[in-house]
Amino acid sequence: MLDTYTTIQGDMWDSIAYKVYGSEAGINTLLEANQEYADIVAFSANIVLQIPEYKAPESSNLPPWRR
């Protein structure tokens, strides 16, 4: 099931991943589903992104303070 997310001014990929998945680790999933916007760093308002299901990996390479 795909959901959508409508950006607000200044949204960035990592902040969107955190909002929709609860983790910045979902960035690659978002980028794959929204390749037409991959070159955008900071979004303007009202861009509708596809939000596919994401399952966090079992183990993380992130340091403890970023998990």
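Here is a short walk through this structure, stop by stop, with a selection to make at each one.

**The whole chain**

Start with everything shown as a cartoon, and keep in mind that this is a predicted model. You will find 2 helices and 2 strands, and from the N terminus on they run β-α-α-β. Now switch on a surface: the accessible area comes to about 4,800 Å², and carbon and sulfur atoms account for 52% of it. Of the 67 residues, 22% are buried. Among contacts with a separation of 6 or more, 59% are between residues 24 or more positions apart.

**The two strands**

Select residues 3–6, strand E1, together with E2; the two pair in the antiparallel sense over 4 bridges. To see one matched position, pick Thr4, which stands opposite Gln50 in E2.

Next, show side chains for residues 48–51, the whole of E2. Which of these residues are buried? Leu49 and Ile51 are, and they point to one face, while Val48 and Gln50 point to the other and are not buried.

**Helix H1**

Move on to residues 13–21, helix H1, and click on Ser15. Its side chain reaches the backbone oxygen of Met12 at 2.9 Å. Ser15 has a relative accessible area of 26%, so it counts as partly exposed. Add Ile27 to the selection: Ser15 and Ile27 are 12 residues apart in sequence, and their C-alpha atoms lie 9.0 Å apart.

**A charged pair**

Select Asp11 and Lys19 and show their side chains. They meet in a salt bridge, with 2.8 Å from N to O. The count for the model comes to 1 salt bridge. Side chains of opposite charge can pair when their charged atoms come close.

Are the two partners buried or exposed? Asp11 has a relative accessibility of 3%, so it counts as buried. Lys19 is at 44%, and therefore counts as partly exposed.

**Helix H2**

For the last stop, select residues 27–33, helix H2, and center the view on Thr29. What does Thr29 touch, leaving aside residues up to four places away in sequence? Its contacts are Tyr21, Pro52, Glu53 and Tyr54. Draw a distance from Thr29 to Tyr54 to finish: they are 25 residues apart in sequence, yet 6.9 Å apart in space, C-alpha to C-alpha.

Terms used:
Residues numbered from 1 in each chain as written. Predicted model: local features only at pLDDT ≥ 70, side-chain atom pairs only at ≥ 80, totals over all residues. Heavy atoms only, no water. Buried < 20%, exposed > 50% of the residue type's maximum accessible area, 1.4 Å probe, protein only. Polar contact = N/O pair within 3.5 Å; in protein donor to acceptor, adjacent residues only side chain to side chain. Contact = heavy atoms within 4.5 Å. Areas by Shrake-Rupley, 256 points an atom, 1.4 Å probe, with all protein chains shown as cover. Pairing = 2+ DSSP bridges. Salt bridge = Lys/Arg side-chain N within 4 Å of Asp/Glu carboxyl O.
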